[in-house]
Amino acid sequence: MGKLVQGRWVDEWYGKDPKGHFVRDETQFRDRIRADGSSKYPPEAGRYHLYVSLACPWAHRTLIARQLKGLQDAITVSVVHPHMGEQGWELRDYPGATADGVNHARYLHEVYTRAVPEYTGRVTVPVLWDKREARIVCNDSRLILRMLSRELESVARRELDLCPHDLEPDIDRAIDEMYGPVNNGVYRAGFASTQEAYEEAVSELFRALDELERRLSTQRYLLGARFTEADICLFTTLLRFDVVYHYHFKCNLRRLADYPALSGYLRDVFQMPGVSETCNLDHIKHHYFTSHPNLNPSRIIPLGPNVDLTSPHGRELLS
Ligand SMILES: N[C@@H](CCC(=O)N[C@@H](CS)C(=O)NCC(=O)O)C(=O)O
(Lines give C-alpha, C1' and ligand atoms only; values in the text may rest on other atoms or scores of the structure.)
Protein backbone atom coordinates (compact mmCIF):
# COMPACT_ATOMS: atom_id res chain seq x y z
CA MET A 1 0.00 0.00 0.00
CA GLY A 2 1.45 3.34 -0.93
CA LYS A 3 1.45 6.28 -3.30
CA LEU A 4 3.66 8.11 -5.75
CA VAL A 5 5.60 11.19 -4.64
CA GLN A 6 7.17 13.02 -7.57
CA GLY A 7 7.16 9.81 -9.50
CA ARG A 8 8.69 7.68 -6.74
CA TRP A 9 6.73 4.96 -4.95
CA VAL A 10 6.53 5.44 -1.17
CA ASP A 11 4.84 3.32 1.46
CA GLU A 12 1.89 5.23 2.90
CA TRP A 13 -1.49 4.32 4.39
CA TYR A 14 -4.61 6.41 3.68
CA GLY A 15 -4.93 9.95 4.96
CA LYS A 16 -6.83 10.89 8.12
CA ASP A 17 -7.79 14.10 9.85
CA PRO A 18 -6.89 14.97 13.48
CA LYS A 19 -10.12 13.33 14.71
CA GLY A 20 -9.38 10.01 13.04
CA HIS A 21 -11.73 10.37 10.08
CA PHE A 22 -10.61 8.64 6.88
CA VAL A 23 -9.82 11.23 4.19
CA ARG A 24 -10.04 10.17 0.57
CA ASP A 25 -7.81 12.05 -1.88
CA GLU A 26 -9.39 13.83 -4.83
CA THR A 27 -8.78 12.23 -8.21
CA GLN A 28 -6.42 14.28 -10.37
CA PHE A 29 -7.05 13.23 -13.97
CA ARG A 30 -10.38 14.70 -14.95
CA ASP A 31 -10.42 15.13 -18.71
CA ARG A 32 -13.34 13.98 -20.81
CA ILE A 33 -14.05 12.17 -24.03
CA ARG A 34 -16.54 14.47 -25.80
CA ALA A 35 -18.85 13.36 -28.58
CA ASP A 36 -19.16 16.95 -29.85
CA GLY A 37 -15.42 17.25 -30.44
CA SER A 38 -14.96 19.94 -27.80
CA SER A 39 -12.14 18.07 -26.02
CA LYS A 40 -8.90 16.56 -27.25
CA TYR A 41 -10.47 13.14 -26.72
CA PRO A 42 -13.05 12.27 -29.40
CA PRO A 43 -14.99 9.01 -29.24
CA GLU A 44 -13.13 6.39 -31.25
CA ALA A 45 -13.38 2.59 -31.17
CA GLY A 46 -10.16 0.93 -29.99
CA ARG A 47 -8.49 4.13 -28.79
CA TYR A 48 -9.24 3.92 -25.07
CA HIS A 49 -8.34 1.35 -22.45
CA LEU A 50 -9.66 0.84 -18.94
CA TYR A 51 -7.61 -0.37 -16.01
CA VAL A 52 -9.93 -1.86 -13.39
CA SER A 53 -10.01 -4.06 -10.36
CA LEU A 54 -12.96 -6.45 -10.15
CA ALA A 55 -12.81 -5.93 -6.38
CA CYS A 56 -13.16 -2.16 -6.46
CA PRO A 57 -16.67 -0.68 -6.24
CA TRP A 58 -15.57 2.49 -8.08
CA ALA A 59 -13.99 0.64 -11.00
CA HIS A 60 -16.93 -1.76 -11.07
CA ARG A 61 -19.21 1.16 -12.01
CA THR A 62 -17.30 1.65 -15.24
CA LEU A 63 -17.27 -2.05 -16.10
CA ILE A 64 -21.05 -2.27 -15.74
CA ALA A 65 -21.59 0.75 -17.99
CA ARG A 66 -19.16 -0.66 -20.58
CA GLN A 67 -21.06 -3.96 -20.54
CA LEU A 68 -24.57 -2.50 -20.63
CA LYS A 69 -23.73 -0.07 -23.42
CA GLY A 70 -22.05 -2.78 -25.50
CA LEU A 71 -18.68 -1.05 -25.44
CA GLN A 72 -16.61 -4.20 -24.93
CA ASP A 73 -15.14 -4.08 -28.45
CA ALA A 74 -14.62 -0.32 -28.43
CA ILE A 75 -12.87 -0.08 -25.05
CA THR A 76 -10.31 -2.68 -24.05
CA VAL A 77 -9.71 -3.61 -20.40
CA SER A 78 -6.93 -4.75 -18.08
CA VAL A 79 -7.94 -6.33 -14.78
CA VAL A 80 -5.45 -6.06 -11.92
CA HIS A 81 -4.62 -8.84 -9.46
CA PRO A 82 -7.02 -8.67 -6.49
CA HIS A 83 -4.29 -8.36 -3.89
CA MET A 84 -3.08 -4.80 -3.44
CA GLY A 85 0.38 -5.23 -1.94
CA GLU A 86 3.38 -3.08 -1.05
CA GLN A 87 3.69 -1.77 -4.61
CA GLY A 88 -0.05 -1.20 -4.96
CA TRP A 89 -2.11 -2.72 -7.75
CA GLU A 90 -0.28 -5.32 -9.78
CA LEU A 91 -0.88 -6.81 -13.22
CA ARG A 92 -0.06 -10.48 -12.89
CA ASP A 93 -1.55 -13.88 -13.33
CA TYR A 94 -4.68 -14.79 -11.37
CA PRO A 95 -8.02 -16.25 -12.50
CA GLY A 96 -10.05 -13.36 -13.89
CA ALA A 97 -7.08 -10.95 -13.94
CA THR A 98 -5.23 -9.99 -17.13
CA ALA A 99 -1.80 -8.80 -18.14
CA ASP A 100 -1.33 -5.25 -19.34
CA GLY A 101 -1.41 -5.63 -23.12
CA VAL A 102 -1.12 -1.87 -23.63
CA ASN A 103 1.70 -0.51 -21.45
CA HIS A 104 3.10 -3.90 -20.43
CA ALA A 105 3.31 -2.62 -16.87
CA ARG A 106 3.87 -4.92 -13.91
CA TYR A 107 2.48 -2.34 -11.46
CA LEU A 108 -0.25 0.18 -12.06
CA HIS A 109 1.98 2.95 -10.74
CA GLU A 110 4.13 2.48 -13.86
CA VAL A 111 1.12 3.46 -15.95
CA TYR A 112 0.70 6.63 -13.92
CA THR A 113 4.38 7.60 -14.24
CA ARG A 114 4.33 6.81 -17.95
CA ALA A 115 1.61 9.47 -18.26
CA VAL A 116 3.11 11.93 -15.75
CA PRO A 117 6.68 11.07 -14.72
CA GLU A 118 6.56 13.43 -11.69
CA TYR A 119 3.07 12.38 -10.53
CA THR A 120 2.30 12.78 -6.84
CA GLY A 121 -0.81 11.08 -5.52
CA ARG A 122 -2.54 7.77 -4.99
CA VAL A 123 -2.55 5.18 -7.72
CA THR A 124 -6.16 4.18 -8.02
CA VAL A 125 -8.49 2.29 -10.34
CA PRO A 126 -10.38 2.95 -12.54
CA VAL A 127 -8.04 4.56 -15.07
CA LEU A 128 -9.15 5.51 -18.56
CA TRP A 129 -6.08 5.44 -20.78
CA ASP A 130 -5.68 6.98 -24.23
CA LYS A 131 -3.58 4.58 -26.31
CA ARG A 132 -2.98 7.12 -29.07
CA GLU A 133 -1.47 9.88 -26.94
CA ALA A 134 -0.19 7.62 -24.13
CA ARG A 135 -2.06 9.70 -21.56
CA ILE A 136 -4.47 9.18 -18.71
CA VAL A 137 -7.76 10.77 -19.73
CA CYS A 138 -9.46 10.34 -16.39
CA ASN A 139 -9.19 8.36 -13.16
CA ASP A 140 -12.49 9.37 -11.60
CA SER A 141 -15.18 6.70 -11.66
CA ARG A 142 -18.07 9.09 -11.74
CA LEU A 143 -16.72 11.07 -14.68
CA ILE A 144 -15.80 7.89 -16.57
CA LEU A 145 -19.28 6.52 -15.93
CA ARG A 146 -20.84 9.68 -17.37
CA MET A 147 -18.56 9.50 -20.43
CA LEU A 148 -19.49 5.88 -21.06
CA SER A 149 -23.18 6.64 -20.77
CA ARG A 150 -23.17 9.83 -22.82
CA GLU A 151 -20.16 10.39 -25.04
CA LEU A 152 -19.54 7.07 -26.76
CA GLU A 153 -22.88 6.47 -28.51
CA SER A 154 -21.18 6.38 -31.91
CA VAL A 155 -19.16 3.29 -30.98
CA ALA A 156 -21.62 1.60 -28.59
CA ARG A 157 -23.42 -1.56 -29.65
CA ARG A 158 -26.47 -1.02 -27.43
CA GLU A 159 -28.85 1.87 -27.21
CA LEU A 160 -29.44 2.33 -23.54
CA ASP A 161 -29.71 5.70 -21.87
CA LEU A 162 -28.16 5.50 -18.42
CA CYS A 163 -28.45 9.24 -17.92
CA PRO A 164 -31.60 10.59 -19.61
CA HIS A 165 -31.51 14.39 -19.88
CA ASP A 166 -34.79 14.87 -18.01
CA LEU A 167 -33.44 12.87 -15.07
CA GLU A 168 -29.89 14.25 -15.01
CA PRO A 169 -30.30 16.63 -12.05
CA ASP A 170 -32.03 13.90 -10.03
CA ILE A 171 -29.35 11.36 -10.95
CA ASP A 172 -26.61 13.78 -9.89
CA ARG A 173 -28.42 14.52 -6.64
CA ALA A 174 -28.93 10.81 -5.87
CA ILE A 175 -25.24 10.07 -6.55
CA ASP A 176 -24.14 13.06 -4.45
CA GLU A 177 -26.40 12.07 -1.57
CA MET A 178 -25.27 8.47 -1.35
CA TYR A 179 -21.55 9.15 -1.81
CA GLY A 180 -20.77 10.35 1.73
CA PRO A 181 -22.87 8.04 3.87
CA VAL A 182 -22.95 4.93 1.65
CA ASN A 183 -20.30 4.54 -1.09
CA ASN A 184 -17.58 6.27 0.86
CA GLY A 185 -19.36 5.64 4.16
CA VAL A 186 -18.33 1.99 4.32
CA TYR A 187 -14.70 3.10 3.91
CA ARG A 188 -15.16 5.87 6.49
CA ALA A 189 -16.31 3.16 8.91
CA GLY A 190 -13.63 0.63 7.99
CA PHE A 191 -10.70 3.03 7.93
CA ALA A 192 -11.75 5.19 10.89
CA SER A 193 -8.97 5.40 13.43
CA THR A 194 -11.02 6.59 16.42
CA GLN A 195 -14.18 5.21 18.02
CA GLU A 196 -16.00 8.50 17.39
CA ALA A 197 -15.13 8.61 13.70
CA TYR A 198 -16.24 4.98 13.32
CA GLU A 199 -19.54 5.49 15.14
CA GLU A 200 -20.31 8.61 13.16
CA ALA A 201 -19.73 6.80 9.86
CA VAL A 202 -21.75 3.72 10.82
CA SER A 203 -24.69 5.75 12.13
CA GLU A 204 -24.82 7.83 8.94
CA LEU A 205 -24.48 4.71 6.80
CA PHE A 206 -27.40 2.88 8.39
CA ARG A 207 -29.59 5.98 8.45
CA ALA A 208 -28.99 6.28 4.71
CA LEU A 209 -29.66 2.57 4.13
CA ASP A 210 -32.93 2.82 6.11
CA GLU A 211 -33.96 5.72 3.89
CA LEU A 212 -32.99 3.86 0.71
CA GLU A 213 -34.95 0.84 1.94
CA ARG A 214 -38.07 3.02 2.26
CA ARG A 215 -37.54 4.49 -1.19
CA LEU A 216 -36.95 1.15 -2.88
CA SER A 217 -39.98 -0.45 -1.25
CA THR A 218 -42.30 1.41 -3.59
CA GLN A 219 -40.20 1.89 -6.71
CA ARG A 220 -38.02 -0.47 -8.69
CA TYR A 221 -35.00 1.78 -9.15
CA LEU A 222 -33.60 4.84 -7.38
CA LEU A 223 -35.18 7.30 -9.78
CA GLY A 224 -38.40 5.35 -10.37
CA ALA A 225 -39.04 2.96 -13.23
CA ARG A 226 -35.83 3.67 -15.17
CA PHE A 227 -32.47 2.10 -14.41
CA THR A 228 -29.79 4.83 -14.37
CA GLU A 229 -26.21 5.61 -13.40
CA ALA A 230 -27.41 6.17 -9.84
CA ASP A 231 -28.40 2.50 -9.61
CA ILE A 232 -24.97 1.44 -10.85
CA CYS A 233 -23.39 3.53 -8.07
CA LEU A 234 -25.60 2.02 -5.38
CA PHE A 235 -25.35 -1.53 -6.69
CA THR A 236 -21.57 -1.84 -6.52
CA THR A 237 -21.57 -0.93 -2.83
CA LEU A 238 -24.53 -3.21 -1.98
CA LEU A 239 -22.91 -6.17 -3.75
CA ARG A 240 -19.95 -5.97 -1.37
CA PHE A 241 -21.99 -5.29 1.74
CA ASP A 242 -22.70 -8.65 3.35
CA VAL A 243 -19.64 -10.40 1.96
CA VAL A 244 -17.13 -7.76 3.05
CA TYR A 245 -18.27 -4.50 4.62
CA HIS A 246 -20.49 -6.03 7.30
CA TYR A 247 -17.58 -7.92 8.79
CA HIS A 248 -14.31 -6.43 7.54
CA PHE A 249 -15.36 -2.76 7.87
CA LYS A 250 -17.56 -3.39 10.96
CA CYS A 251 -20.71 -2.13 9.24
CA ASN A 252 -22.72 -4.56 11.29
CA LEU A 253 -25.80 -2.90 12.77
CA ARG A 254 -27.76 -4.85 10.17
CA ARG A 255 -26.96 -7.07 7.20
CA LEU A 256 -28.15 -6.18 3.75
CA ALA A 257 -30.13 -9.42 3.91
CA ASP A 258 -32.14 -7.81 6.74
CA TYR A 259 -33.44 -5.19 4.30
CA PRO A 260 -36.07 -6.83 2.06
CA ALA A 261 -36.23 -4.05 -0.54
CA LEU A 262 -32.47 -3.43 -0.72
CA SER A 263 -31.60 -7.10 -0.95
CA GLY A 264 -34.30 -7.68 -3.60
CA TYR A 265 -32.94 -4.67 -5.49
CA LEU A 266 -29.43 -6.11 -5.29
CA ARG A 267 -30.66 -9.37 -6.87
CA ASP A 268 -32.72 -7.48 -9.44
CA VAL A 269 -29.72 -5.49 -10.70
CA PHE A 270 -27.41 -8.52 -10.48
CA GLN A 271 -29.83 -10.43 -12.72
CA MET A 272 -30.01 -7.74 -15.42
CA PRO A 273 -28.47 -9.19 -18.61
CA GLY A 274 -24.74 -8.43 -18.59
CA VAL A 275 -24.35 -7.36 -14.97
CA SER A 276 -23.40 -10.69 -13.37
CA GLU A 277 -20.52 -11.03 -15.87
CA THR A 278 -18.92 -8.00 -14.23
CA CYS A 279 -19.25 -9.33 -10.66
CA ASN A 280 -16.49 -11.43 -9.14
CA LEU A 281 -16.95 -12.28 -5.47
CA ASP A 282 -13.61 -14.08 -5.36
CA HIS A 283 -11.71 -10.93 -6.38
CA ILE A 284 -13.81 -8.89 -3.96
CA LYS A 285 -13.12 -11.09 -0.94
CA HIS A 286 -9.51 -11.76 -1.87
CA HIS A 287 -8.81 -8.05 -2.21
CA TYR A 288 -10.32 -6.70 0.97
CA PHE A 289 -9.31 -9.53 3.30
CA THR A 290 -5.70 -9.71 2.10
CA SER A 291 -4.88 -6.08 1.31
CA HIS A 292 -5.47 -4.39 4.67
CA PRO A 293 -3.10 -6.13 7.09
CA ASN A 294 -3.95 -3.68 9.87
CA LEU A 295 -7.62 -4.77 9.66
CA ASN A 296 -7.02 -8.47 8.97
CA PRO A 297 -3.41 -9.38 9.90
CA SER A 298 -3.86 -13.14 9.27
CA ARG A 299 -5.11 -12.42 5.74
CA ILE A 300 -7.52 -15.33 6.16
CA ILE A 301 -10.44 -15.01 3.77
CA PRO A 302 -13.74 -16.01 5.41
CA LEU A 303 -15.66 -18.76 3.62
CA GLY A 304 -19.07 -17.21 4.18
CA PRO A 305 -21.54 -15.76 4.08
CA ASN A 306 -23.45 -17.56 1.34
CA VAL A 307 -25.39 -14.96 -0.58
CA ASP A 308 -27.70 -16.24 -3.30
CA LEU A 309 -27.98 -13.50 -5.87
CA THR A 310 -29.87 -15.65 -8.34
CA SER A 311 -33.06 -16.22 -6.36
CA PRO A 312 -36.27 -14.47 -7.49
CA HIS A 313 -36.79 -10.86 -6.40
CA GLY A 314 -40.32 -10.09 -7.59
CA ARG A 315 -39.47 -6.46 -8.29
CA GLU A 316 -40.89 -6.51 -11.84
CA LEU A 317 -44.22 -5.82 -10.12
CA LEU A 318 -42.96 -2.40 -9.03
CA SER A 319 -42.35 -1.17 -12.59
N1 LIG B 1 -12.65 8.65 -6.16
C2 LIG B 1 -12.07 7.57 -6.90
C3 LIG B 1 -11.74 6.43 -5.96
C4 LIG B 1 -11.04 5.28 -6.59
C5 LIG B 1 -10.37 4.39 -5.53
O6 LIG B 1 -10.12 4.82 -4.41
N7 LIG B 1 -10.05 3.13 -5.88
C8 LIG B 1 -9.39 2.26 -4.93
C9 LIG B 1 -9.82 0.83 -5.10
S10 LIG B 1 -11.38 0.48 -4.40
C11 LIG B 1 -7.90 2.27 -5.17
O12 LIG B 1 -7.47 2.06 -6.29
N13 LIG B 1 -7.14 2.48 -4.12
C14 LIG B 1 -5.71 2.45 -4.13
C15 LIG B 1 -5.12 3.49 -3.23
O16 LIG B 1 -5.81 4.41 -2.82
O17 LIG B 1 -3.94 3.37 -2.95
C18 LIG B 1 -13.06 7.16 -7.97
O19 LIG B 1 -14.27 7.28 -7.73
O20 LIG B 1 -12.63 6.75 -9.04
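This passage describes the ligand site, the pockets and the cavities of a predicted model.

The ligand sits in the largest pocket. That pocket has a volume of about 820 Å³. It is lined by 38 residues, and Arg24, Asp25, Thr27, Trp58 and Thr124 are the closest to its centre. Several elements supply at least two residues each to this lining. The strands among them are β4 (22–23) and β7 (121–122). The helices are α1 (57–68), α3 (141–150), α4 (168–183) and α10 (281–291). By class, the lining of the largest pocket has 18 nonpolar, 12 polar and 8 charged residues.

Around the ligand itself stand 18 residues. Arg24, Cys56, Trp89, Arg122 and Ser141 are the closest. This shell has 10 nonpolar, 5 polar and 3 charged residues. Oxygen atoms of the ligand lie close to both side-chain and backbone atoms of the protein. Trp89 places a polar side-chain atom 2.8 Å from a ligand oxygen. A polar side-chain atom of Arg122 also lies 2.8 Å from an oxygen atom of the ligand. At Val125 the backbone is involved: an N or O atom there lies 3.0 Å from a ligand oxygen. On its own, the ligand has 510 Å² of accessible area, and the protein covers 92% of this.

The second largest pocket has a volume of about 200 Å³. Its lining comprises 14 residues. Asp242, Ala257, Asn306, Val307 and Asp308 lie nearest its centre. Helices α8 and α9 (260–270) each supply at least two lining residues. Of the elements, α9 gives the most, with 3 residues. By class, the lining of this pocket has 6 nonpolar, 4 polar and 4 charged residues.

The model also holds 2 cavities of 30 Å³ or more. The largest cavity has a volume of about 70 Å³. Leu238, Leu239, Asp242, Val243, Leu256, Leu266, Leu281, Val307 and Leu309 line it. Helices α7 (229–239) and α8 (241–248) are the elements that give two or more residues to this lining. The lining has 8 nonpolar residues, no polar residues and 1 charged residue. Asp242 and Val307 line this cavity and are also among the residues nearest the centre of the second largest pocket.

The second largest cavity holds about 30 Å³ of space. Its lining consists of Gly20, His21, Phe22, Arg188, Ala192, Ala197 and Ala201. By class, these are 4 nonpolar, 2 polar and 1 charged residues.

Key: Residues are numbered from 1 along each chain as its sequence is written. This is a predicted model: local features need pLDDT of at least 70, side-chain atom pairs count only at pLDDT 80 or more; totals for chains, interfaces and linings use all residues. Side-chain values use heavy atoms; hydrogens and water are left out. A residue is near a molecule or strand if one of its heavy atoms lies within 4 Å of it. A polar contact is a pair of N or O atoms within 3.5 Å; within protein, one must be able to donate a hydrogen and the other to accept it, and residues adjacent in sequence count only if both atoms are side-chain atoms. Accessible areas come from the Shrake-Rupley method with a 1.4 Å probe; for residues, only the protein chains shown count as cover. On a 1 Å grid over the protein atoms alone, a cavity is a set of points where a 1.4 Å probe fits but cannot get out, and a pocket is an open set with protein on both sides within 12 Å along at least five of seven lines; lining residues have an atom within 4 Å of a point. A molecule sits in a cavity or pocket if more than half of its atoms lie within 2 Å of its grid points. Ala, Val, Leu, Ile, Met, Phe, Trp, Tyr, Cys and Pro count as nonpolar, Asp, Glu, Lys and Arg as charged, and the others, Gly among them, as polar. Grid points are joined across faces, edges and corners, and a volume is the space filled by probe spheres set on the points. Helices (H or I, at least four residues) and strands (E, at least two) are DSSP runs, numbered from the N terminus.
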